[in-house]
Amino acid sequence: MTKARTLYFCSECGYHSPKGIGRCPGCNSWNTLVEEVVGGTGKTSPAPDVKIPFLSELLSDDVPRFSSGNSELDRILGGGIVPGSIILLGGEPGIGKSTLLLQTADSVSRQGKKVLYLTGEESPRQVKMRAERLGIPGDSIYILNDSCLSVLPDYLDKVDPEAVIVDSIQTVYVREISSVPGSVAQLRECAGRIMELAKAEERTFFLVGHVTKDGALAGPKLLEHMVDTVVYFEGDANNYYRLLRTVKNRFGPANEIGILEMSGNGLLPVDNPSRIFLEHRGSLPGLTVVASFEGTRPLLVEVEALVVTTSFGYPRRMASGIESNRLALLAAVLEKRGGLALGNKDIYIKVAGGVNLKDPATDLGIVLAIASSYYERPVLPGGVIIGELGLSGDIRPVPYMNLRMKEAFKLGFSRGLIPKEAGREEPANPGLSVFAVETLGEALRYIDGNGGMDT
Ligand code: TYD
Ligand code: MG
């Protein structure tokens with residue numbers, strides 16, 4: 001067996017050196033050398049004497065799961081928590097990560113499963129205060145205030161918990177690596193050890209991860225690759241509703257959205273999510289309703305646009321809930337193919353409830369909101385707008401038309417503006433009266449008094 005030693009590897013070119021250096025001599029990149037422990041791990045041990053099974057011999061029954069106690073969290077995880085899985089929960093400070101996990105700890109412990117809550121971020125006293133606020137007695141929740149993962153296996157032997165909460169992954173460390181907690185080397189090593197602990201003894205790990213200002217996990221993308229499930233809190237902490245999104249899930253569909261409400265009693269699931277993103281329901285200029293498909297279900301969301309004349313200089317394009325490049329592109333198509341003079345107009349967009357709209361099927365609803373504000377006239381009152389917009393101004397079909405329209409009908413919408421192509425494969429009657437359009441020009445006629453329909 002070789003002796004363990006520390007080497008520094010360049011994450012760009014693989015160059016290694018016994019010392020940490022600022023600039024890699026191999027590829028001249030700066031700050032890419034990352035500490036790693038090599039050898040000493042018994043790499044030459046013989047394999048255990050067990051039969052390696054064929055794929056066909058494996059049992060195919062569903063993975064067993066247990067409930068987190070929160071129906072929305074269960075749903076986005078694919079139907080509950082899978083024992084032995086690692087779930088990374090990311091989000092801005094103050095958005096509710098610790099709250100949600102303490103509530104989960106409570107509910108899991110009520111099912112007769114022991115929970116270990118490792119708090120590296122807050123003192124046990126602070127955790128206690130949160131628990132009191134939430135009315136959680138915590139009879140079988142163990143609180144550990146030791147951030148050293150080198151000793152965690154020992155604690156696990158003593159307590160034997162089924163679920164472990166690590167709050168947060170940026171505060172834990174292993175002794176063998178000298179860099180500070182939260183550094184790339186520590187994160188990688190800690191996540192690696194947690195993986196082994198989770199799989200070997202079938203303990204579920206919840207890891208809290210902080211995100212940077214631009215929404216990425218503070219740490220290597222690598223962390224996301226190592227865990228089974230990655231869940232992010234979306235939107236901002238000032239919003240009353242909190243959105244949870246699975247960006248990766250080995251045990252269920254990815255991109256699923258869950259909606260929670262921050263109340264005096266912690267985070268509670270919201271049962272009828274579409275309803276909360278529909279605030280005005282009227283027929284105001286600049287307001288449209290889109291049917292975005294999130295994970296496995298449609299979500300109806302209001303989009304508000306405001307178009308005003310630029311007072312000086314460069315016209316602004318500002319959006320919350322829509323990526324700014326996408327807005328710039330949609331505005332450009334609207335100008336060129338829809339004939340709107342937007343060159344001297346500022347465009348502001350706001351998506352209800354802090355939802356991030358990414359589904360291309362919401363393109364048409366977004367451009368019609370802008371056009372509707374531009375003309376100061378409502379568009380298709382009582383209607384939902386679905387369709388992708390091509391650069392040439394063509395309205396393209398999108399998947400799941402029926403599910404989207406059914407959801408709209410269920411929520412009281414009577415009409416739908418949809419792509420013409422989709423009309424063909426619509427055997428089921430969604431209940432909406434549909435207006436099918438092929439081009440942006442046709443769609444713009446559905447703005448009141450704009451020459452198309454009589455509403
Ligand atoms: P917290 O869960 O500590 O967030 P994070 O761990 O992501 O940093 O805090 C969530 C916020 O929610 C905090 O500002 C206080 C507030 N809150 C409530 O409104 N109701 C509650 O029942 C609790 C426990 C917290
Ligand atoms: Mg916290």
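Helices and strands here are DSSP runs, a helix being H or I over at least four residues and a strand E over at least two, and both are numbered from the N terminus; the model to which these exercises refer is a predicted one.

**Exercise 1. Backbone geometry in the loops**

Task: Determine where D160 and N255 are placed, what sign their phi angles have, and whether each is buried, partly exposed or exposed.

Solution. Step one is to place the residues: D160 belongs to the loop between α4 and β7, while N255 sits in the loop that runs between β10 (241-249) and β11.

Step two concerns the backbone. D160, although not a glycine, has a positive phi of about 55°, and N255, likewise a residue other than glycine, has a positive phi near 70°. Most residues other than glycine have a negative phi, and most peptide bonds are trans.

Step three turns to accessibility, where partly exposed covers the range between under 20%, which is buried, and over 50%, which is exposed. With a relative accessible area of 43%, D160 is therefore partly exposed, and N255, at 40% relative accessibility, is partly exposed as well.

Step four adds a peptide bond: the one from D167 to S168 is cis, with omega near 10°, and S168 lies in the loop between β7 (163-167) and α5 (184-201).

**Exercise 2. The surroundings of ligand 1**

Task: Work out which residues and which elements surround ligand 1, and which polar atoms of the protein lie close to its own.

Solution. Begin with the shell, in which 16 residues surround the ligand, the closest being G94, K97, S98, T99 and R130. By class, this shell holds 4 nonpolar, 8 polar and 4 charged residues.

Next, assign the shell to elements: α2 (97-110), α3 (124-134) and β11 (257-263) each contribute at least two of its residues.

Then examine the atom pairs. On the side-chain side, an N or O atom of T99 is 2.5 Å from an oxygen atom of ligand 1. On the backbone side, an N or O atom of S263 is 3.0 Å from a nitrogen atom of the ligand, and an N or O atom of G264 is 3.1 Å from one of the ligand's oxygen atoms. As for cover, ligand 1 on its own has 570 Å² of accessible area, and the protein covers 76% of that.

**Exercise 3. The buried face of α3**

Task: Identify the buried residues of α3, and explain why they can be said to line one face of the helix.

Solution. The buried residues in α3 are V127, R130, A131 and L134. Seen down the axis of α3, these buried residues fall within an arc of 100°, and so they line one face of the helix.

The partners follow from the packing: the buried residues of α3 pack against α2, β5 (115-119), β6 (141-144) and β12 (266-269). After the helix comes G135, whose phi is positive, near 70°.

**Exercise 4. Two buried residues and their contacts**

Task: For L152 and I447, establish the location, the degree of burial and the contacts beyond four places in sequence.

Solution. L152 lies in helix α4 (residues 152-159), and I447 in the segment that follows α12 (440-444).

The cut-off for burial is under 20% relative accessible area. L152, at 0%, therefore counts as buried, and I447, with a relative accessible area of 1%, is buried too.

With neighbours up to four places away set aside, L152 is in contact with L116, L118, L144, L197 and F205. Of these, L197 stands 45 residues from L152 in sequence, with 9.3 Å between their C-alpha atoms. Under the corresponding exclusion, I447 touches L368, A371, S372, Y375, R377, P378 and V379. The C-alpha atoms of I447 and I21, by contrast, are 62 Å apart, the two residues being 426 residues apart along the chain.

**Exercise 5. The protein as a whole**

Task: State how many helices and strands the protein has, and what share of its residues is buried.

Solution. The protein has 12 helices and 21 strands, and of its 455 residues 50% are buried. Its C-alpha trace spans about 80 × 55 × 50 Å along the principal axes. Among contacts with a separation of 6 or more, 66% join residues that are 24 or more positions apart. The accessible surface comes to about 21,600 Å², with 52% of it belonging to carbon and sulfur atoms.

Definitions and conventions. Residues numbered from 1 in each chain as written. Chains lettered and ligands numbered in written order. Heavy atoms only, no water. Near = heavy atom within 4 Å. Polar contact = N/O pair within 3.5 Å; in protein donor to acceptor, adjacent residues only side chain to side chain. Areas by Shrake-Rupley, 256 points an atom, 1.4 Å probe, with all protein chains shown as cover. Nonpolar A, V, L, I, M, F, W, Y, C, P; charged D, E, K, R; others polar. Buried < 20%, exposed > 50% of the residue type's maximum accessible area, 1.4 Å probe, protein only. Arc of directions from axis to C-beta. Contact = heavy atoms within 4.5 Å.
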